[in-house]
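User: Could you pick one part of this protein and take me through it slowly, along with what lies around it? I'm in my first year, so plain language would be great.

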Amino acid sequence: MKQDKNSRYKDPMNPSERIDQLIAGLTDWRGKTLASIRKNILEADRQIIEEWKWMGSPVWSRDRMIAVGNAHKDKVKLTFSHGASLPDPDKLFNAGFKGNTWRAIDLFEGDKINEHALKNLVRAAIDSNQIKLKRKAPAGTRAKIHKSKK
């Protein structure tokens, strides 16, 4: 890795390449599961970006963080940063209920993810992020809502 003038290391790979490398290194069911999760998240919205944070975690964002994925010894965990405020009609969340903000989906070997429900959850997270951004925008920059004339 290269060192820049601020003494931070610059990684020659972009985040998507790092995620590719992580998945390729997981040669068991966890790699396939993480790859499937990633595919579904990216299919949910074309403007989602991939990031690499927290010393080696894939993160998906749009207008703020949506979720972080981690492969553990016995599971793959997908944690939604504001999951507690998201609707979960399909009951995908099965972990992280002790906190006030984060919610997670723990997948174990043999588990199948409901792809349609995951995409809906990702879209709900994006909607929530966009609502929060609009609330934080200065009054003069907020989009005006025009009511249609009947």
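Analyst: **A close look at strand 4**

Starting at the N terminus, the elements come in the order β-β-α-α-β-β-β-β-β-α. That makes three helices and seven strands. Keep in mind that this is a predicted model. Of its 150 residues, 39% count as buried. Among contacts between residues at least 6 apart in sequence, 46% join residues at least 24 apart.

Let's zoom in on strand 4, starting with the sheet around it. Five strands make up an open sheet in the order 3-4-5-6-7, and the pairing is antiparallel. At the edges you'll find strand 3 (49-53) and strand 7 (103-107), each of which pairs on one side only. Neighbouring strands in this sheet are turned by 20° against each other on average, if you ignore direction.

Now look at how strand 4 is joined to strand 3. Strand 4 covers residues 57-61, and five bridges link it to strand 3, with the two running antiparallel. You can check the match-up yourself: tryptophan 52 sits opposite proline 58 of strand 4, and isoleucine 49 sits opposite serine 61 of strand 4. Strands 3 and 4 form a hairpin with three residues between them, and in that turn tryptophan 54 has a positive phi of about 50°.

Then turn to the other partner, strand 5. Strands 4 and 5 also run antiparallel, and three bridges join them. Serine 61 turns up again here, since its bridge partner in strand 5 is methionine 65. This pair forms a hairpin too, with three residues between the strands, and aspartate 63 takes a positive phi near 65°.

So is strand 4 covered or open, and which residues lie on each side? Five of its five residues are buried. Ser57, Val59 and Ser61 are on one side, Pro58 and Trp60 are on the other, and both faces are covered.

What packs around strand 4? Helix 1 (residues 15-25) lies across strand 3 and strand 4, running at about 70° to strand 3. Helix 2 packs on the sheet as well, touching strands 3, 4, 5 (65-71), 6 (76-80) and 7, and its direction makes about 30° with that of strand 6.

Let's stay with helix 2 for a moment and pick out arginine 30, which belongs to this helix. Is arginine 30 buried or exposed? It counts as buried, because its relative accessible area is 17% and the cut-off for buried is under 20%. Leaving out residues up to four places away in sequence, arginine 30 touches Ala71, His72, Lys73, Lys75 and Val76.

For a contrast, try asparagine 14, which sits in the loop between strand 2 (9-10) and helix 1. Asparagine 14 is partly exposed, because its relative accessible area is 37%, and that class lies between 20% and 50%. The C-alpha atoms of asparagine 14 and glutamate 50 are 9.1 Å apart, although 36 residues separate the two along the chain.

Next, the empty spaces. Rolling a probe the size of a water molecule over the atoms shows where space is left over.

The largest pocket holds about 210 Å³ of space. It is lined by 13 residues, and the closest to its centre are Thr33, Ser36, Asp111, Lys112 and Ile113. Helix 2 (residues 29-44) comes back here, as it gives the most to this lining, with five residues. By type, the pocket lining splits into five nonpolar, three polar and five charged residues.

There is also one cavity of 30 Å³ or more, and the largest cavity has a volume of about 40 Å³. Which residues line the largest cavity? They are Met65, Ile66, Phe80, Ser81, His82, Leu86, Ala125, Ser128 and Asn129. You've already met methionine 65, the strand 5 bridge partner of serine 61. Strand 5 and helix 3 (115-136) each supply at least two residues of the cavity lining, and helix 3 has the largest share, with three. This lining has five nonpolar, four polar and no charged residues.

To trace it back on the model, start at serine 61: it stands opposite isoleucine 49, it is bridged to methionine 65, and methionine 65 is among the residues lining the largest cavity.

Conventions
Residues are numbered from 1 along each chain as its sequence is written. This is a predicted model: local features need pLDDT of at least 70, side-chain atom pairs count only at pLDDT 80 or more; totals for chains, interfaces and linings use all residues. Side-chain values use heavy atoms; hydrogens and water are left out. On a 1 Å grid over the protein atoms alone, a cavity is a set of points where a 1.4 Å probe fits but cannot get out, and a pocket is an open set with protein on both sides within 12 Å along at least five of seven lines; lining residues have an atom within 4 Å of a point. Grid points are joined across faces, edges and corners, and a volume is the space filled by probe spheres set on the points. Helices (H or I, at least four residues) and strands (E, at least two) are DSSP runs, numbered from the N terminus. Ala, Val, Leu, Ile, Met, Phe, Trp, Tyr, Cys and Pro count as nonpolar, Asp, Glu, Lys and Arg as charged, and the others, Gly among them, as polar. Two strands pair if DSSP finds at least two bridges between them. Axes are lines fitted to C-alpha atoms, for helices over the stretch in contact, and angles run from 0 to 180 degrees between N-to-C directions. Contact means heavy atoms within 4.5 Å. Buried means under 20% relative accessible area, exposed over 50%, partly exposed in between (1.4 Å probe, protein chains only).
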